[in-house]
Amino acid sequence: MITVVGMGRKVGDLTMDGRAAIESADVVVVKSERTHVADAVKAIRDGAIYCDDLYEQASDFDSLNDAIINRLKSFGNKKVVFCVVGEGADDTTVQQLNGAKIIAGVGLHSAVVAGGLLPATVVYAAYDLVMTPRIRILPLPTVVKCIDDKYIASEVQLRLLSAFEPETEVVFCCKNTVKKIALFELTKQRFDYQATLYIKPQPLVERKVFSYFDCADIMTVLCGENGCPWDREQTHKSIIKNVIEEAYELADALEKEDTDHVVEELGDLLMQVIFHLEIAHNNGEFEPDAVYTGLCRKLIDRHPHVFGEVVAHDADESLGVWEKQKLKEHKIKSTAENVLDVPRGMSALMRAQKVQSRASKGSFDFKDKQQIVDKLQEELHEFLNATNDELQMEGGDLLFVVVNLLRFSGVDSETALLLSTEKFVNRVVECERILSLNGETLKNVSQERFDEIWNEAKHNVG
């Protein structure tokens, strides 16, 4: 049987139960002779076994833990006591040692956290924090222990800066020294196996660094009892237009490759998502986790070529897998069902192209581009000869064929029209600038002069 004894952060931290376990053990194994644990055990008994040789042989911490566990199990049915720094249960080797009895000791955090850990405090071993990129640092009370060298400290500092300001106060302890420093000063300290820090986030209104969860918390305040009257009155329907406007503003920033505005507009669009989540929560409709779960499930299910055994060699094959999975999820078995599934809330151009694309997968399509050009000429003729009552429908038919021609040519009609509209806007602005410089107005220039100005504007702004 293996018993783990947590030996605290200094020699005097050993509990009476821990001492009794060491005295009565058949075999005592100390994780490292270079810690205070070795001195505490030597004061009780001789003949302890140390694992420092395994440290020297191991290529990484995983292989080290495996080697130590194998050594502990090699003693068979003997009463084995494994002595480690800190509480015991928080040791990385102990966490992989299934079935062991643990006699808890004083945690390494005891020196930096007065009065015990606050609710929601997270505790990391420095190595685990640095070597596990998926660990997301949140602005919560945080303990990081076993910061044993400057390299690890610099990596810990970098990770913490994703959630805390550089000036945030940190309580830092190494050996018998406990002091308060700013986070950015961490790498200037001395370190050993006991080095531990404790950091708490600044009040929300004083922070400069925020996370998604802060956004959600702020929206909860805004929509709460003492929040903003306007925010509290909104419904899903009342802010539908906001979602559309923010999406278009983001698209514009992306098209212009304006990084600052991309950051701003992504935030504005994210706010709309969080706003709807908060409204749904307050109305008892659904919780945010329902949205996150649905999205994650969709991403996993529609990527069987990543999370399953389906094979996709390139982007086209990947898209085909996605579409196939989508049809299965929506239980769509016919082309008619597929085109009916296109949302009516899309812009007219986007919906037209989406309907055409889905119809083409069911062989509802032209054979070649020339057929579309012939159809375009036919629809243009019908439009030019239409009565007033027919103009709207014939105009729609004409636009629909143009969208078909663009789609067939691999051009997104929505993007194309946005670009052309923006180009026209820029040329109008440039024309007025040229007119103003020459003291002219559009009403007073000849067609020939206007053509000159228009061509100059095209040359200037494209």
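# Questions about a predicted model

Me: What is the relative accessibility of Val243?
Reply: Val243 counts as partly exposed, because buried means under 20% relative accessible area, exposed over 50%, and partly exposed in between (1.4 Å probe, protein chains only). Keep in mind that this is a predicted model: local features need pLDDT of at least 70 and side-chain atom pairs need 80 or more, while totals for chains, interfaces and linings use all residues. Residues are numbered from 1 along each chain as its sequence is written, and side-chain values use heavy atoms, without hydrogens or water. For Val243, the value is 29%.

Me: Which residues does Val243 touch, leaving out those up to four places away in sequence?
Reply: Start with where it sits: Val243 is in helix H9, residues 240-255 (helices are DSSP runs of H or I with at least four residues, strands are E runs of at least two, and both are numbered from the N terminus). Asp260 is 17 residues along from Val243, yet their C-alpha atoms are 20 Å apart. The contacts of Val243 (heavy atoms within 4.5 Å) are with Leu269, Gln272 and His276.

Me: Where does Trp322 lie, and how far in space is Lys423 from it?
Reply: Trp322 belongs to helix H13, which covers residues 315-329. Trp322 is partly exposed, at 23% relative accessible area, and beyond its neighbours within four places it contacts Leu299, Arg302 and His303. Lys423 is 101 residues away in sequence, and the C-alpha to C-alpha distance between Trp322 and Lys423 is 35 Å.

Me: Is Val144 buried or exposed?
Reply: Val144 sits in strand S7. Setting aside residues up to four places away, Val144 touches Tyr124, Ala126, Leu129, Val156, Ala195, Thr196 and Leu197. Tyr198 is 54 residues away from Val144 in sequence, but their C-alpha atoms are just 6.6 Å apart. With 0% relative accessibility, Val144 is buried.

Me: Which element gives the largest share of the largest nonpolar core?
Reply: A nonpolar core is a set of buried Ala, Val, Leu, Ile, Met, Phe, Trp, Tyr and Cys residues joined through side-chain atoms within 4.5 Å. This one has 24 residues, and those touching the most other members are Ile137, Val144, Ile147, Val156, Phe172, Leu186 and Leu197. At least two residues each come from H5, helix H6 (150-160), strand S8 (169-174) and strand S10 (196-199). The largest share, 4 residues, comes from H6.

Me: How many residues are in the second, separate core?
Reply: Let's begin with Ile147, one of the well-connected members of the largest core. Past four places in sequence, Ile147 touches Ala126, Ile152, Ala153, Phe191, Asp192, Ala195 and Leu197. The second core is separate and includes Ala38, Val41, Val81 and Cys83. Its number of residues is 20.

Me: Which residues are closest to the centre of the largest pocket?
Reply: The largest pocket has a volume of about 760 Å³, and its 32 lining residues divide into 14 nonpolar, 8 polar and 10 charged. Helix H3 (52-57), helix H4 (61-73), strand S4 (80-84) and helix H5 (126-131) each give two or more residues to the lining, with the largest share, 4 residues, from H4. Closest to the centre are Lys31, Tyr55, Phe61, Cys146 and Asp148.

Me: What is the phi of Cys146 near?
Reply: Cys146 is in the loop between strand S7 (142-145) and H6, and at 30% relative accessibility it is partly exposed. Most residues other than glycine have a negative phi. Cys146 has a positive one instead, near 60 degrees.

Me: Where is Ala120, and what is its phi near?
Reply: Look in the loop between strand S5 (101-103) and strand S6 (122-125) for Ala120. Ala120 is exposed, with 51% relative accessible area. Its phi is positive too, near 75 degrees.

Me: How many disulfides does the structure hold?
Reply: A disulfide here needs a pair of cysteine sulfur atoms within 2.5 Å. For Cys215, which is partly exposed at 33% relative accessibility, the nearest cysteine sulfur is that of Cys223, 13 Å away. Cys296 is partly exposed at 44%, and its nearest cysteine sulfur, in Cys215, is 18 Å away. The number of disulfides in the structure is 0.

Key: On a 1 Å grid over the protein atoms alone, a cavity is a set of points where a 1.4 Å probe fits but cannot get out, and a pocket is an open set with protein on both sides within 12 Å along at least five of seven lines; lining residues have an atom within 4 Å of a point. Grid points are joined across faces, edges and corners, and a volume is the space filled by probe spheres set on the points. Ala, Val, Leu, Ile, Met, Phe, Trp, Tyr, Cys and Pro count as nonpolar, Asp, Glu, Lys and Arg as charged, and the others, Gly among them, as polar.
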